[in-house]
Amino acid sequence: MMKKIAVLSDTHGLLRPEVTEILRGCNAIVHGGDINRQNILDELNGFAPVFAVRGNNDKDWAEALPETRAFTLYGIRFFVVHNRKQIPADTDNADIIVYGHSHKYEEKYAEGKMFLNPGSCGPRRFSQPITFAVLEVDEDAGTEKGSFWRVKKIDIVQKRPAPADGADERKTDVPENIGRIIRSVMKDTDKGRTVREIAVRNGIDEELAEQICRLYLTHPGVDADGIRKKMGNL
């Protein structure tokens with residue numbers, strides 16, 4: 001029987017509809033940390049059992065989450081940690097090592113095991129792609145070493161609206177009241193609103209809303225002026 005395991009990391013308080021659509025068909029979810037909010041973990045648990053670790057941005061609410069996890073799922077031995085630098089030397093019993101933190105997808109084999117970073121499917125970091133992975137496991141086609149499985153990389157491509165006639169496609173208009181918008185987006189983010197909702201409420205495009213959300217969620221304690229500076233002194 002075919003099983004599907006979603007492998008996510010660095011959702012940073014955002015579950016995109018493109019992600020949840022695929023999660024509905026999965027039997028389990030592995031999360032490499034930086035979840036950011038309890039309600040995100042609760043929503044994930046509504047789709048399938050979740051095997052998650054705590055990331056560097058998962059604060060007091062996530063104290064019960066371990067920093068590392070080792071478990072077997074559908075015949076596959078997993079080891080999960082947020083930061084690859086914290087992978088211990090002794091992981092001989094693992095078939096797949098899952099980690100995150102960098103927001104960059106990585107899939108490679110070494111020392112008889114797979115190292116898998118699903119990237120980030122949360123708020124986009126600069127121009128980095130939005131990705132996660134799905135493991136397809138065929139328990140009926142097992143080998144002496146365990147179940148047969150393969151990794152499928154999922155790329156989420158966001159469609160951008162066509163520019164108006166004569167507009168420069170490479171430029172994004174920055175509102176004059178960007179400071180007020182940043183403060184409003186911060187409040188909406190604290191209330192758990194989605195990027196799409198935040199964009200509509202503040203009359204800005206989703207790309208700008210997502211950029212502000214990402215900076216706010218990934219820099220605990222930052223204020224509106226700090227976000228503005230990180231955006232390039234807009």
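Here is a walk through some features of this predicted model, from its sheet to its aromatic rings, a helix and a few backbone oddities.

Let's begin with the sheet. Five strands make up an open sheet, and reading across it the order is β4-β5-β6-β8-β7, with mixed pairing. The edge positions go to β4 and β7, each of which has a single partner strand, so one side of each is left without a neighbour in the sheet. From one strand to the next, the twist averages 20°. As a reminder, strands of a sheet pair through backbone hydrogen bonds, and they can do so in parallel or antiparallel fashion. For a parallel example, take β6 and β8 (residues 113–117), which are joined by 3 bridges. If you want a spot to zoom in on, pick V98, whose bridge partner in β8 is L116.

Now back to β4, one of the edge strands, to pick up the aromatics. The structure holds 2 aromatic pairs. In one of them, F51 and F71 have ring centres 4.6 Å apart and planes at 15°; planes under 30 degrees apart count as stacked, so this pair is stacked. The pair ties together distant parts of the chain: F51 belongs to strand β3 (residues 50–52) and F71 to strand β4 (residues 68–73), with their positions 20 residues apart. Are these two rings buried or exposed? F51 has 19% relative accessibility and counts as buried, because the cut-off for buried is under 20%. F71, at 13%, counts as buried too. F71 also pairs with F78: their ring centres lie 5.2 Å apart and their planes meet at 15°, so that pair is stacked as well. Like F71, F78 is buried. Put the pieces together and F51, F71 and F78 form one aromatic cluster.

Another ring worth a look is that of Y105, but here the partner is a charge. The charged end of K153 sits over the Y105 ring, 4.8 Å from the ring centre.

Next, the helix α4 (residues 195–202). Which of its residues are buried? They are V195, I198, A199 and N202. The spacing makes sense once you recall that an α-helix has 3.6 residues a turn, so residues three or four places apart point the same way. Looking down the axis of α4, you find its buried residues within an arc of 100°, so they line one face of the helix. And what covers them? The cover includes two other helices, α3 (178–190) and α5 (206–218). Just past the end of α4 comes G203, with a positive phi of about 65°.

That brings us to backbone angles. Most residues other than glycine have a negative phi. G203 is a glycine, of course, but the next two residues on our tour are not. N36 has a positive phi of about 85° although it isn't a glycine. You'll find N36 in the loop that runs between β2 (28–31) and α2 (38–45), and its relative accessible area of 13% makes it buried. H101 is another non-glycine with a positive phi, this time about 80°. H101 sits in the loop between β6 (96–98) and β7 (106–110), two strands that also appear in the sheet we started with. With a relative accessible area of 30%, H101 is partly exposed, whereas N36 is buried.

Notes:
Residues are numbered from 1 along each chain as its sequence is written. This is a predicted model: local features need pLDDT of at least 70, side-chain atom pairs count only at pLDDT 80 or more; totals for chains, interfaces and linings use all residues. Side-chain values use heavy atoms; hydrogens and water are left out. Rings of Phe, Tyr and Trp (its six-membered ring) pair if their centres lie within 6.5 Å; planes under 30 degrees apart count as stacked, over 60 as edge-to-face and the rest as tilted. Helices (H or I, at least four residues) and strands (E, at least two) are DSSP runs, numbered from the N terminus. Buried means under 20% relative accessible area, exposed over 50%, partly exposed in between (1.4 Å probe, protein chains only). A charge sits over a ring if NZ of Lys or CZ of Arg is within 6 Å of the ring centre and within 35 degrees of the ring normal. Two strands pair if DSSP finds at least two bridges between them. Axes are lines fitted to C-alpha atoms, for helices over the stretch in contact, and angles run from 0 to 180 degrees between N-to-C directions. The arc is that of the directions from the helix axis to the C-beta atoms. Contact means heavy atoms within 4.5 Å.
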